Amino acid sequence: IYSSNVYKTLIYFDIATNLLTGPLPWINNDTNWGHVLLDYIMNDNYFTNTLPDDYQSVNALLYFVIQNNYISGTVPKTFLNNDNITYMIDFASNLLSGPLPSFIGNKTSLSQLLLFENQFTGSISRVLSQLRRLVVFDVSYNQLTGTLPPLLLQELPLLEEFFVESNQLIGPLSNALNITRSIKLVNVDVSDNQFTGIIPSEIFLNAPNLQSFAASKNCLEGYIPTEICSVRGLASLSLDGVTTSNNCKSLIFGHIPYFNGFIATHYLKGTIPTCLYEMPTLLLLHISGNSFTGTIPSGLILSDSLNDLSLSHNSLTGSIPIEIQERSWSNLDLSYNKLSGTLISNFSSIPRFGQLSLQVNRLSGTIPSSFKATSVDVTMLNGNMFSCGWNKRELPQNDPDFATYSCGSNMINN
C-alpha cells in the first residue's frame with residue numbers, strides 16, 4: 001500500500017488503539033510518501049522493531065506519536081532531525097534505550113515532549129533550555145543520571161508540566177527549581193531520585209499557578225518551607241519520605257537478605273507547618289515518613305477541600321484532633337506515630353472504598369461502630385490497645401489483624 005499515489009497527498013495517518021503488530025509503517029525513501037503529512041499517530045498497538053536509520057523527513061509534521069508499543073533500541077542520531085515538528089513528540093511507554101534523542105536541541109517550536117516509561121540513560125542536556133515554546137516535558141520512569149541543568153525551569157517560560165520522577169538524578173534540587181517568575185508552571189514531580197539540599201521555597205513564591213508538587217523519596221534536608229502556603233491554588237502536595245532515597249540510607253545490617261533496617265543520612269527538621277492544613281484548594285496532603293515530631297494541633301482549621309491526608313511514619317504525639325475525627329476522608333493515614341487517647345463515638349464514617357490507617361500508635365478505648373462496615377478498608381488494630389468483648393464483635397472484621405488481636409482497654413491512658 002505504500003506505493004499508492006494517495007500517500008503523496010496524505011495529511012493525517014492515524015491508526016491508534018488497535019491490535020496491529022509487526023514493524024511500524026515508516027516514512028522512508030522507498031515508500032513514496034509526500035511531504036504534507038501533519039499527523040503520524042500509532043499509539044496503543046503492538047508494534048515492535050527499532051526506529052529506522054533511513055527515515056525520510058516530513059516538513060510539516062505536527063504530531064509524531066508512537067506511545068505504548070514495543071519499540072526498542074536506541075534513537076538514531078538522524079531520526080526526526082530535519083522535521084519541523086511544531087506540537088508533540090511522544091515516544092512514551094516503549095522499550096527505547098540509550099541517551100535521550102539528539103533531535104531535542106533543534107525542535108525549537110516543540111510544545112510537548114513525552115519520553116516517559118522507557119529505558120533512556122545518560123543526562124538531561126543543557127540544550128533542552130533552547131525549547132522556548134515547550135509546555136510539557138516528561139521523562140519520568142527512565143534511568144537518567146547526572147544533574148538537572150541550572151535554572152532550567154527559568155529558561156522555559158511557557159512550561160506547565162515538568163515530570164522527571166523515578167530516575168537517578170542527583171545534585172541540589174534548588175539548582176533547577178530556583179525560579180524568579182513562572183506564571184505558566186502548573187505541575188512538578190521530581191520524586192524518586194537522589195536530589196539533595198533543601199526544598200526550594202522559590203518555586204512556591206514565584207509560580208503562582210502551581211497546582212501539584214511532589215518531591216518524595218529523595219535525599220533532601222532542612223525544613224518544609226512555609227512559603228508553600230502562599231500558593232493559593234495548590235491541590236496536591238506529596239512530600240513522603242523526602243530523605244529516604246536508597247542513596248541516602250545507611251543500612252544497619254549491610255546487604256544481608258531480609259534485614260532491611262537503615263539509618264537515614266539526611267533529615268528534615270522541625271514540625272509540620274499548620275498552614276498546610278488550611279490551604280483553600282488542597283485536596284491531597286502527603287508528608288509521611290519524615291520523622292516529624294510535635295502534635296497535630298487541636299482547634300485545627302481544616303480546608304473544606306482536603307480529603308486525603310497521610311502523616312504516617314513520623315513521631316507525632318498527642319491525641320487525634322476532633323476536627324480530623326469528624327471529617328469524612330477518602331484516605332486518612334496516621335499510622336506508625338505515637339498518637340494516644342481515644343476515638344470519639346461519632347468518628348466520621350469512611351466512604352465506600354475509602355481507607356483508614358491508624359495502626360501502630362498508642363490509641364485505646366472503644367472503636368467507633370462506623371468502622372465495622374466490611375466495605376471500608378480499615379487497618380487500626382495492630383499496635384493499639386482497643387477494648388472489646390470475648391467475641392470481638394466491637395472490632396472491624398476486615399482489619400487484617402482481627403483474628404489474632406488481643407483486646408486491651410482504655411486503662412493505657414491512665
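The exercises below work through strand pairing, disulfides, aromatic rings and nonpolar cores in a predicted model.

**Exercise 1. Strand pairing**

Task: Find which strands pair with S26, and in which sense.

Solution:
- Step 1. Begin with strand S24 (residues 340-342), which is joined to strand S26 (residues 362-365) by three bridges. The two strands run parallel.
- Step 2. Pick out one bridge of this pair: Ser 340 has Arg 362 in S26 as its partner.
- Step 3. Turn to strand S28 (residues 385-386), which pairs with S26 over two bridges, in the parallel sense.
- Step 4. Pick out one bridge here too: the partner of Gly 365 in S28 is Phe 386.
- Result. S26 pairs with S24 and with S28.

**Exercise 2. Disulfides**

Task: State how many disulfides there are, and describe the handedness and surroundings of the link between Cys 219 and Cys 248.

Solution:
- Step 1. A disulfide is a covalent bond between the sulfur atoms of two cysteines. With sulfur atoms within 2.5 Å as the cut-off, the count is three disulfides.
- Step 2. Cys 219 is joined to Cys 248, with an S to S distance of 2.4 Å.
- Step 3. The angle about the S-S bond of Cys 219 and Cys 248 is -95°, and the link is left-handed.
- Step 4. Cys 219 lies in strand S17 (residues 219-220), while Cys 248 lies in the loop between strand S18 (236-238) and strand S19 (249-251). The pair links distant parts of the chain, 29 residues apart.
- Step 5. Buried means under 20% relative accessible area. Cys 219, at 2%, therefore counts as buried, and Cys 248, at 1%, is buried.

Task: Do the same for the link between Cys 229 and Cys 275.

Solution:
- Step 1. The S to S distance of Cys 229 and Cys 275 is 2.0 Å.
- Step 2. The torsion about their S-S bond is about 70°, so this disulfide is right-handed.
- Step 3. Cys 229 is in the loop between S17 and S18, and Cys 275 is in the loop between strand S20 (262-264) and strand S21 (284-286), so the pair ties together parts 46 residues apart in sequence.
- Step 4. Cys 229 has 10% relative accessibility and counts as buried, whereas Cys 275, with 26%, is partly exposed.

Task: Describe the disulfide of Cys 388 and Cys 407, then give the pattern of the disulfides along the chain.

Solution:
- Step 1. The sulfur atoms of Cys 388 and Cys 407 are 1.6 Å apart.
- Step 2. The torsion about their S-S bond is about -60°, so the link is left-handed.
- Step 3. Both Cys 388 and Cys 407 lie in the segment after S28, so the pair ties together parts that are 19 residues apart in sequence.
- Step 4. Cys 388 has a relative accessible area of 19% and is buried. Cys 407 has 33% and is partly exposed.
- Result. Counting the bonded cysteines along the chain, the pattern is 1-3, 2-4, 5-6.

**Exercise 3. Aromatic rings**

Task: Classify two of the 11 aromatic pairs: Phe 79 with Phe 91, and Phe 204 with Phe 213.

Solution:
- Step 1. The ring centres of Phe 79 and Phe 91 are 6.2 Å apart and the planes stand at 50°, so this pair is tilted.
- Step 2. Phe 79 lies in the loop between strand S6 (72-74) and strand S7 (88-90), and Phe 91 in the loop between S7 and strand S8 (95-99), so the pair ties together parts 12 residues apart in sequence.
- Step 3. Phe 79 and Phe 91 are buried.
- Step 4. For Phe 204 and Phe 213 the centres are 5.0 Å apart and the planes at 70°, so this pair is edge-to-face. Both Phe 204 and Phe 213 are buried.
- Step 5. Phe 79 and Phe 91 also belong to an aromatic cluster with Phe 13, Tyr 40, Phe 64 and Phe 103.

**Exercise 4. Nonpolar cores**

Task: Which residues have the most contacts inside the largest nonpolar core?

Solution:
- Step 1. The largest nonpolar core has 105 residues, and Phe 91 and Phe 213 have the most contacts inside it.
- Step 2. Helix H1 (173-177) and helix H2 (202-205) each supply at least two residues of this core.
- Step 3. Among the residues that Phe 91 touches are Leu 51, Phe 64, Ile 66 and Phe 79.
- Step 4. A second, separate core has nine residues, including Ala 16, Ile 41, Val 65 and Ala 92.

Note on methods. Residues numbered from 1 in each chain as written. Predicted model: local features only at pLDDT ≥ 70, side-chain atom pairs only at ≥ 80, totals over all residues. Heavy atoms only, no water. Pairing = 2+ DSSP bridges. Helix = DSSP H or I, 4+ residues; strand = E, 2+ residues; numbered from the N terminus. Phe/Tyr/Trp six-rings, centres within 6.5 Å; stacked < 30°, edge-to-face > 60°. Buried < 20%, exposed > 50% of the residue type's maximum accessible area, 1.4 Å probe, protein only. Core = buried A, V, L, I, M, F, W, Y, C linked by side-chain atoms within 4.5 Å. Contact = heavy atoms within 4.5 Å. Lists of a residue's contacts leave out its neighbours within four places in sequence.
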